[in-house]
Amino acid sequence: MAYTFDFASVLEYSDALLAGTVKTLALTAVGTVFGLGIGILGAVSRAWKLSPFDRIFAVYVELIRNTPFLVQLFFIFFGLPALGLQLNEWQAAILAMVINLGAYSTEIIRSGIEATPRGQIEAAESLAMTRSQVFRHVVLPPALLKVWPSICSQVVIVMLGSSVCSQIAAEELTFAANFIQSRNFRAFETYFVVTAMYFLLAIAVRQAMVQAGQRLIARRKK
Amino acid sequence: MALVRINGLHKHFGSNHVLKGIDLDIEEGQVIALIGRSGSGKSTLLRTINGLETFEQGEIEVDGEHLHPRDTDLRALRQKVGMIFQQFNLFPHLSVGRNVMLATQVVKKIGEKEAEDIARTMLLKVGLLEKFDAYPDQLSGGQQQRVAIARALAMQPRVLLCDEITSALDPELVNEVLAVVKTLAAEGMTLIMVTHEMRFAREVGDKLVFMHHGRIHESGDPQQLFANPQTPELANFIGSIN
Amino acid sequence: MNDISTWDIVRNLLDGALWTIGLSLTAFVLGGIAGLALLFARIAKNPIPRRLAQGYIEVFQGTPLLMQLFMIFFGSSLLGLEISPWIAAALGLTLFTSAYLGEIWRGCVESVPKGQWEASASLALTHFEQMRHVILPQALRIAIAPTVGFSVQVVKGTAVTSIIGFVELTKTGSMLANATFQPFMVFGCVALGYFALCYPLSAYSRYLERNIHGSRAH
């Protein structure tokens, strides 16, 4: 009945764990950069009611936020080929991450933009700045700083959520875990180690995002 | 024998020594006006008297209830000490009547009917009986503060602490609250007030306590002190107020 | 495989959706109860329950739901318990939900102004009486909108349980997609099914959020 834990049999596969970690981080990084880009565009369209883009983004945000990431992934990977759009597992995973984070960051950044005090914009306009100058210099930087903690949290959530990309055979960290436990028959130890790795990654990614935010502030203050 | 005795009270906020040995005796029925600049420790002193702030050294005694450093059971003391706050702090989810009844029912275990009678009596006293079923957000600031006074009175405290109770009010609402306090003083309620209303302090106060840098710098009869301050700090303070 | 009609697909998906709803409700109710316990631990005066609850919340918010499900599934078999995917899914999602609700509710309790604590303390109420009569009634009102909002995350979270073999809407969709070779249509319907469950909750949460500011506090 006594069970002997064997964590050494997991660590034998450190190469696979490392490769999976790198892929998970890469997926997160690409998803974050392009997702935030979409988020800024979406937030501007929504906040400034740029027809018809504001409507399009509204529908997009609702569709993504009210369906599971796993189903979005399956739809892209298995469903889109029916429309002639054949994507490999990495293209599908990246697309799903970008689309997902884009929807959430649209809402997050929009809330920051809408919290800009009216007087700030009036002051800038009275200095004869154009609409896009007002946005670039007066509205966006403080809005991003204000919502940065929410963005950090969302990026961590998306990174953790990326573990289901293993289901379309994208070889990220969870895929590595599945692979290892099929070889060493030590499912519990394997998933325990990988869960701990995700926990550390979540802390590291959050730290990195917070640092990036502070860089943003420091640069603005120069 | 004094109703409130404060002996050798010391308090720090981190490395900041905010109360540097306070000794103060307050007789039953006295009205004490605590004055001083912001940061002088007057609000902190008031808040230690009912345990909202802890202290490291010294002793407080209210009507036989002793309070020592790091005491955690404040229930007996707080039943004897009522407090009115600058921001009123009425419970927004309860009606005016329920605000006044809550502690009498929960703490004193008084029945619904009797608690309601007490609440009505107290609201009548502050002139707001007709607001029994209203909610705090339907009242003006002055009315809310009068309800807060009724709420504290319902517990039949021996002493009432007032922490800048008119500072958050629009000027035209200050007098209705001061009028209630004046009535309480006339009825013999023991009052300790942190206040910026110097005229009121002079008119109603029995004793003026001027705090400066965490110490009682000067105290005595309000009329005399205002007319003839003994220290340059108090003279300076009175000058800056007027 | 042309003997599977569109009607068959829809009927099977509806069956799967019932399991999704059942799992969501189970996790939400049990997770809510556990979340309440976590809330009390999190705001206790004693630092030991406070730290324990904080650690629990950090672990469940800092690891993937899929890993939590694997750990429960394989951990229980290690203990000699052969649990069904349904039990593993319900347990995993309950723990996940409790961590998030506990943290959301703590935020609500802490957003009640400090003056409310001080006023009730000065009226000689005990800590428990303050919570019961003054703090929780106000926190509850603040908590309704974010709690309804989080229920959307619970419904979406149920999709992950398909991976440990629980047959709900997503798993039913996967099996139908394989059987019919119509993944575009099937997964489109699956997505619509989730949307139909989640959108009303999102919209209701937003409605509550907007109205909380305009409405009276009682």
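S24(C) sits in helix α1 of chain C, which spans residues 6-42. The model is a predicted one. Is S24(C) buried or exposed? It counts as buried, because 23 C-beta neighbours lie inside 10 Å and the cut-off for burial is 20 or more. Some of its surroundings come from far along the chain. The C-alpha atom of S24(C) is 8.2 Å from that of L93(C), and the two residues are 69 apart in sequence. Leaving aside residues up to four places away in sequence, S24(C) touches V154(C), V155(C) and T158(C).

Next comes helix α6 of chain C, residues 127-157. Helix α6(C) has 31 residues, and a straight helix of that kind would reach 45 Å at 1.5 Å a residue. Its end C-alpha atoms are only 36 Å apart. Where does α6(C) bend? The bend is at I135(C) and amounts to about 50°. A proline, P137(C), follows within four residues.

Helix α6(C) also leads to the contact with chain A. Here 29 residues of chain C meet 31 residues of chain A. On the chain C side, α3 (65-78), α6, α7 (169-180) and α8 (183-214) each supply at least two residues. Which of the elements gives the largest share? It is α8(C), with 11 residues. By residue type, the side of chain C that touches chain A divides into 22 nonpolar, 6 polar and 1 charged.

Chain C has contacts with chain B as well. In that interface, 19 residues of chain B are in contact with 18 residues of chain C. On the chain B side, α2 (75-80) and α3 (96-106) are the elements that give two or more residues. The chain B residues there comprise 11 nonpolar, 5 polar and 3 charged.

Chain B also holds a sheet. Six strands form it, in the order β6-β7-β8-β3-β9-β10. The sheet is open and its pairing is mixed. Why do β6(B) and β10(B) each have one side without a neighbour in the sheet? Strands β6 (81-84) and β10 (215-220) stand at the edges, and each has a single partner strand, so one side of each is left free of a neighbour in the sheet. From one strand to the next, the twist averages 20°.

The edge strand β6(B) shows the pairing in detail. Strands of a sheet pair through backbone hydrogen bonds, either parallel or antiparallel. The partner of β6(B) is β7(B), residues 159-163, and the two run in the parallel sense over 4 bridges. Within β7(B), C162(B) is the bridge partner of I84(B).

How values were computed:
Residues numbered from 1 in each chain as written. Chains lettered and ligands numbered in written order. Predicted model: local features only at pLDDT ≥ 70, side-chain atom pairs only at ≥ 80, totals over all residues. Expected span 1.5 Å × (residues − 1). Bend = angle between axes of the 7 residues up to and from the residue. Buried ≥ 20, exposed ≤ 12 C-beta atoms within 10 Å, placed from the backbone. Contact = placed C-beta atoms within 7 Å. Nonpolar A, V, L, I, M, F, W, Y, C, P; charged D, E, K, R; others polar. Pairing = 2+ DSSP bridges. Axes fitted to C-alpha atoms, helices over the stretch in contact; angles between N-to-C directions.
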